[in-house]
Amino acid sequence: MRDLSADHGLEHLSLNTATVRKQGDFLEILEAAKRHGISCVSPWRDQVQAVGVERAAKALRDGGFRLSGYCRGGMFAADAMHRAAERDDNRRAVDEAAALGAPCLVLVVGGLPQFSRPGSVASHDIAGARKQVEEGIAALLDHANAAGVALAIEPLHPMYAADRACVNTLRQALDICDRLDADGARRLGLAVDVYHVWWDPEVFAQIARAGERIHAFHVCDWLVPTRDMLLDRGMMGDGVIEIGKLRAAVEATGFSGPCEVEILSEAWWSRPIDEVLSTMIERYRTVC
Ligand code: ZN
């Protein structure tokens, strides 16, 4: 297991740009990252689009940044009227990831059609949504392979099953990988986010099962109480997740990518960007 306390150059840290999304636009976030010695980021699609993909790509190149992923594609479940738009949108997400130099596109797969693709006919059929998710990933794989972008399914905590992701455990995500890419040649894999998987009694067995399929590792913390289902994630060390133990398990599979800090939090969004980044770096070295 890597010793992050000795990582003075922040070689193994990545900033997921959603962590400071309210404090500046994408270019301002890159400048702040640079000030703090952070050289790896994982951009969100809406933040990139707000400044334009070409400008974002140039700023990343000029700043010498590496990427740990691109967030996000997915939201596969849709009714027949919205299916073509979903397919197009996901192919564009792959193209943007390739243009920015991201190694993988993180897939938040979507829940029921009316929440994944608003305007879709309402449905209560979660099994049907899961089938559509798998079909959507299968339909995207050729395009992703041609672009050289790996697809990383991110299982989300089950509290998001209706509106954000009906793939809720590592086992479910790995079963999809096994069905669509049995030998791993198509590089279909996972994003393991401690916030979503820490509670799972099978988490360590499934991380071991994942082996080389892990493309990204996201960290933050689970606060007790959690006051908002989406926007109350904790800074590492402020909650109850055994982050170090999970990181050790992920690294034991051979994963050598960065520890990506992704904190969606109204509380942290209301603080100055330099305070958030310096706290994050300190916790990265002492907690992760
Ligand atoms: Zn995540």
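Colleague: Are His218 and Glu262 buried or exposed?

Modeller: Both of them are buried. Keep in mind that this is a predicted model.

Colleague: Happy to. Which protein donors does the zinc ion have?

Modeller: Glu154 (OE), Asp193 (OD), His218 (ND1) and Glu262 (OE) serve as its donors, at 2.0 to 2.2 Å from the ion. Along the chain they follow the spacing E-x38-D-x24-H-x43-E. His218 sits in strand 8 (residues 214–219), while Glu262 is in the loop between strand 9 (259–261) and helix 11 (266–269), so this pair ties together parts that are 44 residues apart in sequence.

Colleague: And how should I read the geometry there?

Modeller: Start from the ideal: four tetrahedral donors have angles of 109.5 degrees at a metal. Around this zinc ion, the four donor atoms subtend angles of 87 to 150°, which makes the arrangement irregular. The tetrahedral label needs all angles between 85 and 135 degrees.

Colleague: Let's turn to helix packing. What describes two packed helices?

Modeller: The angle between their axes and the distance between the axes. Here, the axes of helix 1 (residues 26–35) and helix 3 (residues 53–62) come within 10 Å and cross at roughly 10°. That makes helix 1 roughly parallel to helix 3.

Colleague: Which residues in helix 1 and helix 3 meet?

Modeller: From helix 1 come Phe26, Leu27 and Leu30, and from helix 3 Arg55, Ala56, Ala59 and Leu60. By type, the contact has six nonpolar residues, no polar ones and one charged.

Colleague: One last stop: where is Asp238 found?

Modeller: In the loop between strand 8 and helix 10 (243–252). Asp238 is partly exposed, with a relative accessible area of 39%. Beyond its sequence neighbours up to four places away, Asp238 touches Asp221, Leu223, Trp268 and Arg283.

Notes
Residues are numbered from 1 along each chain as its sequence is written. This is a predicted model: local features need pLDDT of at least 70, side-chain atom pairs count only at pLDDT 80 or more; totals for chains, interfaces and linings use all residues. Side-chain values use heavy atoms; hydrogens and water are left out. Donors are N, O and S atoms within 2.8 Å of the metal (3.2 Å for Na, K and Ca); water is not among the atoms, so sites may look incomplete. Four donors count as tetrahedral if all angles lie between 85 and 135 degrees; four count as square planar and six as octahedral if opposite donors are over 155 degrees apart and all others between 65 and 115; anything else is irregular. Helices (H or I, at least four residues) and strands (E, at least two) are DSSP runs, numbered from the N terminus. Buried means under 20% relative accessible area, exposed over 50%, partly exposed in between (1.4 Å probe, protein chains only). Axes are lines fitted to C-alpha atoms, for helices over the stretch in contact, and angles run from 0 to 180 degrees between N-to-C directions. Angles under 35 degrees count as roughly parallel, over 145 as roughly antiparallel, 65 to 115 as roughly perpendicular and the rest as oblique. Contact means heavy atoms within 4.5 Å. Ala, Val, Leu, Ile, Met, Phe, Trp, Tyr, Cys and Pro count as nonpolar, Asp, Glu, Lys and Arg as charged, and the others, Gly among them, as polar.
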